[in-house]
Amino acid sequence: MTHPGWLADARRVTVLTGAGISTDSGIPDYRGPNGVWTRDPDAEKLVTLSYYVADPDIRRRAWLMRRDTAPDARPNAGHRALVDLERQGRLRALLTQNVDGLHQAAGSSPELVLELHGTVHAVECLACGDRTTMAEALARVDAGEPDPACRVCGGILKSATVSFGQALDPAVVEAAAEAATDCDVFLAVGTSLTVHPAAGLTDLAQQSGARVVVVNAEPTPYDVVADLVVREPIGTSLPRLLAP
């Protein structure tokens with residue numbers, strides 16, 4: 001696969017990544033044919049705020065899911081290709097819908113990574129906002145607390161990820177919108193481009209004159225307007241696509 005000249009020449013590339021970039025690291029996606037929610041529709045309740053707050057049993061199941069979810073996941077070739085893009089001096093920003101922290105683990109600069117949906121590596125109290133590490137909370141689960149409460153105020157603890165029904169951080173959304181309107185190329189990788197406001201960043205980029213590249217195994221709503229659509233596996237296609 002050869003990449004077009006305009007992609008090689010792009011000096012400011014804003015990247016949006018979704019679950020598809022992490023599947024090679026052993027983290028399942030959500031909406032694909034073998035996705036978490038495709039196989040178990042009830043699993044969606046574990047990440048829906050209203051269910052989580054109202055039902056202690058949902059919270060207990062959610063803590064078990066967090067404990068059992070790919071704690072030893074490692075970055076893959078897709079993540080490393082984006083580190084290379086940064087080293088080339090061409091990465092404007094790395095916007096991610098993922099909560100796994102694998103971009104930073106691969107070597108992407110934390111100041112360039114905008115985690116639209118938060119991070120699974122921290123825990124936040126829904127009442128007072130106190131933050132602790134996920135490792136600390138899971139140690140409490142292992143020690144016999146099936147639904148650990150906030151040690152500051154006794155409130156409900158949840159991973160510092162954005163659940164369904166929970167608002168995104170306005171400052172993060174604003175920074176992501178700025179990056180989308182200030183790039184030569186907007187590159188969407190491993191995302192279904194169906195979840196808003198993240199998917200709408202593609203519109204912002206296109207309206208601002210950027211070319212749009214979609215790298216995803218399944219069709220997306222933006223394929224028809226994209227300048228380039230790549231269906232090949234991310235781990236092999238992305239390094240070739242971003243080679244200088």
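Is aspartate 227 buried, exposed or partly exposed, and what is its relative accessible area? I looked this up to get started, and I found that aspartate 227 is partly exposed, with a relative accessible area of 40%. A reminder to myself: this is a predicted model.

**Entry: the pair at aspartate 227**

I checked what aspartate 227 does with its side chain, and it forms a salt bridge with arginine 211. The closest N and O atoms are 4.0 Å apart. I then placed both partners: aspartate 227 sits in the loop between strand 8 and strand 9, while arginine 211 belongs to strand 8. They are 16 residues apart, so I noted the pair as one that links distant parts of the chain. Arginine 211 is partly exposed too, at a relative accessible area of 36%.

**Entry: other salt bridges**

How many salt bridges are there? I got a count of 11. I picked out a couple more to look at.

Aspartate 182 and arginine 92 meet through their side chains at 2.8 Å, N to O. Aspartate 182 lies in the loop between helix 8 and strand 7, and arginine 92 lies in strand 2. With their positions 90 residues apart, this pair also links distant parts of the chain. I looked at exposure next: aspartate 182 has a relative accessible area of 30%, and arginine 92 has 22%. Buried would need under 20%, so both count as partly exposed. I also saw that Arg92 and Asp182 are joined with Arg12 in a network of salt bridges.

Glutamate 124 and arginine 131 make another salt bridge, at 3.3 Å, N to O. Glutamate 124 is partly exposed at 27%, and arginine 131 is partly exposed at 47%.

**Entry: the sheet**

What is the strand order in the open sheet? I read it as 3-2-1-7-8-9, six strands with parallel pairing. At the edges I found strand 3 (113-115) and strand 9 (228-230), each pairing on one side only. Neighbouring strands are turned by 15° against each other on average, direction ignored.

I zoomed in on strand 2 and strand 3, which run parallel and are joined by three bridges. Leucine 95 has leucine 114 as its bridge partner in strand 3. Helix 9 packs on the sheet, where I saw it touch strand 2, strand 7 and strand 8. The direction of helix 9 makes about 160° with that of strand 7.

**Entry: the nonpolar cores**

Which residues have the most contacts inside the largest nonpolar core? My list is Leu95, Leu116, Phe186, Leu193 and Leu201, in a core of 23 residues. I wanted to know which elements feed this core. Strand 2 (91-96), helix 8 (170-180), strand 7 (185-189), helix 9 (200-207) and strand 8 (211-215) each supply at least two residues. Helix 8 gives the largest share, four residues.

Back to leucine 95, for its contacts beyond four places in sequence. Among them I noted Thr14, Val15, Leu16 and Thr17, then Leu114 and Leu116, and also Ala176, Ala179, Phe186 and Leu201. Apart from the largest core lies another, of 21 residues, including Val15, Ala81, Leu187 and Leu238.

**Entry: what I'd look at again**

I'd go back to leucine 95, which is on the list of most contacts in the largest core and is also bridged to leucine 114. I'd also go back to arginine 92, which pairs with aspartate 182 and belongs to the network with Arg12.

Conventions
Residues are numbered from 1 along each chain as its sequence is written. This is a predicted model: local features need pLDDT of at least 70, side-chain atom pairs count only at pLDDT 80 or more; totals for chains, interfaces and linings use all residues. Side-chain values use heavy atoms; hydrogens and water are left out. A nonpolar core is a set of buried Ala, Val, Leu, Ile, Met, Phe, Trp, Tyr and Cys residues joined through side-chain atoms within 4.5 Å. Buried means under 20% relative accessible area, exposed over 50%, partly exposed in between (1.4 Å probe, protein chains only). Contact means heavy atoms within 4.5 Å. Two strands pair if DSSP finds at least two bridges between them. Axes are lines fitted to C-alpha atoms, for helices over the stretch in contact, and angles run from 0 to 180 degrees between N-to-C directions.
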